[in-house]
Amino acid sequence: MDLLHKFLNIVLLPITLTVLLLFMLPFLFLKFLWSLKRSIYREYVAGKVILITGASSGIGEYVAYEYAKRGARLALVARREDCLRAVADRARKLGSPDVVVVRADVSKVEECKQFVDEIVNYFGRLDHLVNNAGVVQVRLFEEFTQFSDIASVMDINFWGSVYSTHCAVPHLRKSKGKIVVIASTAAWLGTPRLSFYNASKAALISFFETLRTEFGQDIGITIVTPGMVESEMTQGELFSEVEANWIPTETTEGCAKAILDSTCSGDMYLTEPSWMKAGFWVKTFCPEASKAALISFFETLRTEFGQDIGITIVNPRVIESEMTQGDYLSEIQADWFPTETTEGCAKAILDSACNGDTYLTEPSWMKAGFWVKTLCPEVFERCLHSLLVSRPRSSKKD
Ligand SMILES: NC(=O)c1ccc[n+]([C@@H]2O[C@H](COP(=O)([O-])OP(=O)(O)OC[C@H]3O[C@@H](n4cnc5c(N)ncnc54)[C@H](OP(=O)(O)O)[C@@H]3O)[C@@H](O)[C@H]2O)c1
């Protein structure tokens, strides 16, 4: 097996990059034609039922107005009921035929179940779920003294979306509906003082990318990464501590319109404003980036610590261990995957840490997957869905 890994380490990455280079232009052209077709035949939301969490202010509020202008029926969820009622009144005036408000805390699983049931009982269906509710905590990692202060960030930003989605999925499957996820460019920019916020948003991206490979074509998922948008979050005193007030902010209205256009066109990703994507590409090419929570968290710490503490982020793939020798690989239908020896992986980790590397992917040929996913996410996710979800499940007895 080690020989196979050595061979793949040498040939797979150059072959993948060459193929990507050769096919990138025709692929981008096809992608452009496809996006043109989708924007011409975009979804009409008049009469459809839209659930928006965190609709009492900011982006959620303006997304509600944008859906209202297009004639959608709305269910607005947040904790401040008086603000929700004001948003509902304005949404009705803008053209929504029916608006309900539900006071709920998305970080409580039973409240999520309750509001999804209530909304589906009232409207009889659900077409879009907009996971928008979120909070921010601004402080350098070393200044945190109580972890209980931070738990709410993960509870609301990550778990709030997970709970709402879990309750909504059966109804979205019936309507062949959509999920909109409001993540953040902070997930890949690693802005200092936002370590837990960045990690929560990176976790969201990774989680919903995985759901996309599980759902296939049944439920569309648009992952939105806004940059700096006018809202209570960015206008408050708290945010001024991030020292990012030199970044130009976008209007909430402009951001909400872009979110709706993108969702109705069935886009996989939206970065708003789109020039912020430049940051993603710089980060991806120098150095290699990923978006998982732990990685985003330690990337943020690296920007906070500077040269004082070195951090090597290791991405091992399928390594021989109790985890991979159990039922795990067959459960995820990946038992055909070549595993690397634990010894080889441990040696590579030590070499890399002693060299002061910022990243290590082990075995290194797995980087080929990273590049395919980054440059052609449509192809990558389709392949994963076909290989690991649609394929008939192999049983151990077979
Ligand atoms: N503004 C930006 O520049 C920016 C950039 C990137 C990403 N984002 C993301 O965009 C989303 C909206 O933020 P925003 O900028 O519009 O800020 P905002 O005006 O503060 O809105 C946050 C919304 O989330 C709701 N919320 C917070 N905790 C909740 C809970 N436990 N249960 C239910 N609702 C809850 C708030 O309502 P209640 O307080 O009434 O519950 C409010 O409606 C967030 O996920 C944020 O991370 C914003």
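Let me start with helix H7, residues 195-215, where the 21 residues, at 1.5 Å a residue, should span 30 Å, and because the end C-alpha atoms are indeed 30 Å apart, the two values agree; the expected span here is 1.5 Å times one less than the number of residues. Helices (H or I, at least four residues) and strands (E, at least two) are DSSP runs, numbered from the N terminus. Just after H7, Gly-216 takes a positive phi of about 60°.

I should say that this is a predicted model, in which local features need pLDDT of at least 70 and side-chain atom pairs count only at pLDDT 80 or more, while totals for chains, interfaces and linings use all residues. Residues are numbered from 1 along each chain as its sequence is written.

Now to strand E4, residues 128-131: are its residues buried or exposed? On one side His-128 and Val-130, and on the other Leu-129 and Asn-131, are all buried, meaning that 20 or more other C-beta atoms, placed from the backbone, lie within 10 Å of the residue's own. In a regular strand, the side chains alternate between the two faces of the sheet.

Which strands does E4 pair with, where pairing requires that DSSP finds at least two bridges? Strand E1 (residues 49-53) pairs with E4 in the parallel sense over 3 bridges, and Ile-50 has His-128 as its bridge partner in E4. Strand E5 (residues 178-182) also pairs with E4 in the parallel sense, over 4 bridges, with Leu-129 standing opposite Ile-179. From E4 the chain crosses through H5 to E5 in a right-handed β-α-β crossover, that is, clockwise from the first strand over the helix to the second, with the strands pointing away from the viewer.

Definitions and conventions
Buried ≥ 20, exposed ≤ 12 C-beta atoms within 10 Å, placed from the backbone. Pairing = 2+ DSSP bridges.
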